[in-house]
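Please examine the charged side chains of the structure shown below. The paragraphs that follow consider how they pair.

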Amino acid sequence: MARYLSVLGAFTSTVALTAALTLGGCGTKEESADDGPAAHSSAATTAPSVHDAQLQEIMAGDFSSITGMWHAAGEGVLLISPDTIAWEETTGADGEEFRATVRANELEIVEGRHAGHTLTTTWHRDDDEYVWAQWQLDDDPDETWLLAFYPPEVEVVGPPPVTTAVDSNVKDSQTRILALEGREGGWPSDIAACLYQNTKAPEPAPTAAPSPTTTPPRPPVAGAYRGAGGGRPKDAKPITTVSDPTISYSKCATAVMPSGNIGCDIYADYISCYVESWPRDINPEIPDPDGRSVVNMTADGPAQFGVNAGTMNYPGYNDGIPAGQVLPYGTAWYYEDFVLASSEKGLTFWNTASGYGALINRDGMFPFHGK
């Protein structure tokens, strides 16, 4: 029996191309002719084919002129890259799957009855009209594969090993590809049903020119979050560690950096942040023999140093106020109009309404006004 194998393919010449492939179950089978690539009986041409250069490239394993993806009436697909052809069949006459990779000098069977076999390619050319590649199993010559390429305006006739008549008009302005698997008993009886048409791979969508509005904004101070002082980042997430106002004296959100070195208490109208590693004299203008230096900022004013003689909420020591939500490096968070952006360079916070904010880290506090 003979059956048709799916071909993944594309044959791009100067005109639009159509690839013809055989996909499993390509008609009933008839007895085969004698084995061997005998000379084709079609009329010879005395002048070189206008497709000569392309045919020579294909025989040399250069498939650049036929790259693309093609589909058949069945489920076969032929995917051709500049140096390989991926040949796949999923609906064979006996229900088996077949996958192979074609190169200039070999056919590597990846899946199917003969998976693991790598067969040597024998290329043939007929009267400068078309070319075909053929493969046979050394231990079973009745098992053979054939892949033929027909340029535009070249009539599709069965290559010498195939005697089955072509039962339809397949001389076309498009390129075609014929793919067959022959087994003991013959080839498909209807070769025309084994021709695939080029569906043409979709063209890539045009790339829009860069817009000045999409250029990432510069940080307001060195090391700060890009875009700080502006609106809320699209990827910012809400801080969920918020106090219960019925228990605590005021509704408060809390946050802390992954290192634990920086933490903040955030209210609707101001924010207060503390850096554990700061020395007492981080702000020489405020003597701080007993208290701790913090950074405070109201919703409508600039960030400035202050002193907190009490206990910050973010450690979670105060009743009704949860411990601070950890802000992973590279993320942005918000509570009310305050945004906090965490990075290894420090914590950037700002108010989206006023534009005031600051970058704080081990080195100090660096205020800015983004509006």
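Glu108 and Arg103 are joined through their side chains by a salt bridge, with an N to O distance of 3.2 Å. The model in which this contact appears is predicted. Arg103 also takes part in a salt bridge with Glu106, where the N to O distance is 2.8 Å. Arg103, Glu106 and Glu108 thus belong to a network of salt bridges. Side chains of opposite charge can pair when their charged atoms come close.

The solvent exposure of these three residues may be considered next. Arg103 has a relative accessibility of 29% and counts as partly exposed. Glu106, at 27% relative accessibility, is likewise classed as partly exposed. For Glu108 the relative accessible area is 29%, and this residue is also partly exposed. Each value falls in the class between buried, which means under 20%, and exposed, which means over 50%.

Another salt bridge involves a separate pair of residues. Arg125 pairs with Asp52, and their closest N and O atoms are 2.6 Å apart. Arg125 is located in strand S7 (residues 122–126), whereas Asp52 is located in helix H1 (residues 52–59), so this salt bridge ties together parts that are 73 residues apart in sequence. Arg125 is partly exposed, with 26% relative accessibility. Asp52 has a relative accessibility of 21% and is partly exposed as well.

How many salt bridges does a search of the whole structure find? The search finds 4, and among them are the pair of Arg125 with Asp52 and the pair of Arg103 with Glu106.

Conventions:
Residues numbered from 1 in each chain as written. Predicted model: local features only at pLDDT ≥ 70, side-chain atom pairs only at ≥ 80, totals over all residues. Heavy atoms only, no water. Helix = DSSP H or I, 4+ residues; strand = E, 2+ residues; numbered from the N terminus. Buried < 20%, exposed > 50% of the residue type's maximum accessible area, 1.4 Å probe, protein only.
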